[in-house]
Every structure is written in structure tokens, then in C-alpha cells.
Amino acid sequence: MRNWAKPLGILILILEITLVAATGLSLYTNLQTLGASLISGDDGPIHTQESEDPITGARTFTIGLNVTNKGLLEVLFKLRIKAIAEERVIAEGEGSRRVPPGGSEPLSVSFTVSKDDWERYVGGSLRPDAEVGFEIRSFFDLIGFGVTLRMRG
Amino acid sequence: MRRGIKTAVSVIVDLIIFILLPNFIASHIPPELTGMIAQVLGLSLQNVLLILAAAGIVLASLSIVKGISSKWSTVSLAASIIGSVVIFVLVLFFTGLGDPLAFGYAMRTVSTGEMGSTQILLDLRLTVFLAAVLMILSITRAVIKFRYGPRGEELKAPQKGLNPQL
């Protein structure tokens, strides 16, 4: 039992280095990816597209962005969009991309609003709330952070 | 003499990490960001600095206690254990964005007035898990050293020093 003190000391040192390296590299990678993906771009980082189904009248919105990983670890980027009216989710879409360090991948998320909801909420007076959320994870998806913005209609 | 130097270095490092460095960084943070930190943490930057300073003083005091007490004494063991716990609580506090009970998974909603709201999520459970393992290992190591350490060494050492004079 007495001889365990030294190996334990070495193990503690290894774990301390792992803790600092994992947390530091992950936060660095996540922040770099956030900056490169959401703040950069010549014509803005986010592109939107709208289309209408001629038969059902439903409207589909597509939001796309390039997930650029300028960090040192692989990242998982998740994007989630919701339209909420009267505490009810009328449309939602979710997508994710895994990007290696130094890489860039396009990510697009689509959501469809039915004709009834469109006429009732968007075309009417009850404007829906919009919720846009993203989450960035790295170090085997174990360390991450996310931001969700809820904008009143 | 060697223990004295080790204690002094430990105290100085504690004071630099927990008092000088945070104050230096805080003085370079723009005021707009200071307000945001306060909203997210639910604590003003001044209070965050005070918590860090208090932790620094506690850790420095524990280093002094360890330095002046016998290496294999109960006091030294207690100081080691308290030091490990203080560091773990600090990790819990900061990874939980001011809430130690969040255990590294913190969620904060910041109101942006009429515009809506912003929800911030921080998942540092791995960091908390590793910090918990480190705390347990550090305490185990301190207990092993206390339980199986050569307690007679402390008494024999001064005699060795006196021998040449005799």
C-alpha cells in the first residue's frame, strides 16, 4: 500500500494534464468554430431560401451555413430552428455536421409551415416566435456549449 | 530549509493564480463584457474576484499550515484534504456558471427585453468528472502517505544535523 503513493502521484499528474488539455483545447476549438462559422462570410454567414408547394400551399424555409472548423479537434455542430405560436411548435427543423480540424462542411436545415398555420400566424396578426439554437461539441462530443436565441414575432 | 522554500513558492503561486492574475485579466475586460458576465453568472465581476481571492487566501494559508506542521501530522493531512476539496468546489463553481450544484451542466437564460431571450448552455461535465477523480486520488494519496509514511524520519533528521557539531 505504501508503494502506491508514487504511481498515484504520476496518475494525478497525467490526469491534471488531461483535464487542462481537454478543457482548453475543446473550448478553443468551439470558440474558433463559432467565430469562423457564424461571424465570417463575405455575403453573411447564413443563407436563407424560401419555397412554396404549389399543391398544398405549404412553405418550406431552408437556412444554410458553412461550418468551418478552425480549431484543433473534430467538432459536432448542431443547428435547430423552431417557429412557436401560442406555445405550440408550428414548424421545426434540425441538422448537424461533424467537421474535422481545418475542414469546412455545409449545413442546411429546413422546416415547413403548413398553409393553415402560415395564413393564421405569419399572414395574420399572431406573429410566431422564432427560436434559433446551435450547439458545438468537441473532444468526443463530451465538452460543448450552445446558444439559443428566442425572438418575439 | 528546502521545505521553507517549497512552502514560499507554493504560497506565491497560489496568490498569483487566484489574486494577481484574475485582477490583471479583469482590468482588461471591456465594460460591456463585464455586464454580460454578471448577467450570465448572476454575480458581479467584483464578487467573482472576491471568491477567487478568498480561495487563494485559503489555499495559501493551507500551504503555510502544511509548511510549518510536521509532514506526517494529522494537521498536514487535513490541510491536504481541505485544499483538494477547495479546488474541486472552485471547479464546480466556474463550470456551473456560478452554480456548484449544476455539476458542469449549466443553463442560463438572459432576457433581452422586448426582443426575446437568449439561453446559454455550457456542458463541462467531463471537466467536473476529471476534477472529482483528481480530488479523490489526491485525498487517497495524502491518506496513504500519512498512514504509511516514515513518521520517525522527522525526529531523526535534526539529530543528523547536530552530529557534526558534537
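**Exercise 1. Identify which residues of helix H3 of chain B are buried in this predicted model, and state which helices they pack against.**

Solution. Begin with the burial of each position: in H3(B), the buried residues are B:Leu52, B:Gly56, B:Leu59, B:Leu62, B:Ser63 and B:Lys66. Next, consider the spacing to be expected on a helix: an α-helix has 3.6 residues a turn, so residues three or four places apart point the same way. Then ask what these residues meet, and the partners turn out to be H1 and H4 of chain B.

**Exercise 2. Check the length of H3(B) against the rise of a helix, then do the same for H1(B) and look for a bend.**

Solution. H3(B) covers residues 45-68, and because its 24 residues at 1.5 Å a residue should span 34 Å, the 35 Å between its end C-alpha atoms agrees with expectation. For H1(B), which covers residues 2-27 and has 26 residues, the expected value is 38 Å, and the distance from first C-alpha to last, 36 Å, is close to it. The final step is to examine the axis of H1(B), where a kink of about 40° is centred on B:Ile16.

**Exercise 3. Decide whether B:Ser84 is buried or exposed, and list its contacts beyond four places in sequence.**

Solution. First locate the residue, which lies in helix H4 of chain B. Then apply the cut-off of 20 or more other C-beta atoms within 10 Å: B:Ser84 has 21 of them and is therefore buried. Once neighbours within four places in sequence are left aside, the contacts of B:Ser84 are B:Met135, B:Ser138 and B:Ile139. As a further reference point, B:His28 is separated from B:Ser84 by 56 residues in sequence and by 30 Å in space, C-alpha to C-alpha.

**Exercise 4. Make the corresponding assignment for A:Asp116.**

Solution. A:Asp116 belongs to helix H2 of chain A, which covers residues 115-122. Exposure is assigned at 12 or fewer C-beta neighbours, so A:Asp116, with 11 inside 10 Å, counts as exposed. From A:Asp116 to A:Pro128 there are 12 residues in sequence and 13 Å in space, C-alpha to C-alpha.

**Exercise 5. Trace how strand S6 of chain A pairs with S3(A) and with S7(A).**

Solution. Take S3(A) as the starting point: this strand, residues 75-85, pairs with S6(A), residues 129-138, in the antiparallel sense over 10 bridges, and within that pairing A:Lys78 has A:Glu135 as its bridge partner. Then turn to S7(A), residues 143-151, which runs antiparallel to S6(A) and is joined to it by 9 bridges; here A:Arg137 is partnered by A:Gly144. Finally, inspect the connection between S6(A) and S7(A), which is a hairpin with 4 residues between the strands, and in whose turn A:Phe139 has a positive phi of about 50°.

**Exercise 6. Describe the largest nonpolar core, naming the residues that touch the most other members and the elements that supply it.**

Solution. The core holds 28 residues, and those touching the most other members are A:Phe77, A:Ile136, B:Leu126 and B:Ala131. At least two residues each are supplied by H1, S2, S3, S6 and S7 of chain A and by H4 and H5 of chain B, with the largest share, 6 residues, coming from H5(B). To see the surroundings of one core member, take A:Ile136, whose contacts beyond four places in sequence include A:Leu34, A:Val75, A:Phe77 and A:Phe145. A second, separate core of 6 residues includes A:Ala83, A:Ile90, A:Ala91 and A:Trp118.

**Exercise 7. Work out which elements of chain B form its side of the contact with chain A, and weigh the confidence of the model.**

Solution. Count the residues on each side: 24 come from chain B and 28 from chain A. On the side of chain B, the elements giving two or more residues are S2(B) and H5(B), and H5(B) provides the largest share, 13 residues. For confidence, the complex receives an ipTM of 0.79 and a pTM of 0.79 from the predictor, while chain B has a mean pLDDT of 83, with 89% of its residues at 70 or more. Residues 159-166 of chain B call for caution, since pLDDT stays under 50 there and the model has 0 contacts for them beyond four places in sequence.

Terms used:
Residues numbered from 1 in each chain as written. Chains lettered and ligands numbered in written order. Predicted model: local features only at pLDDT ≥ 70, side-chain atom pairs only at ≥ 80, totals over all residues. Expected span 1.5 Å × (residues − 1). Bend = angle between axes of the 7 residues up to and from the residue. pLDDT = per-residue confidence, 0-100. Contact = placed C-beta atoms within 7 Å. Pairing = 2+ DSSP bridges. Core = buried A, V, L, I, M, F, W, Y, C linked by C-beta atoms within 7 Å.
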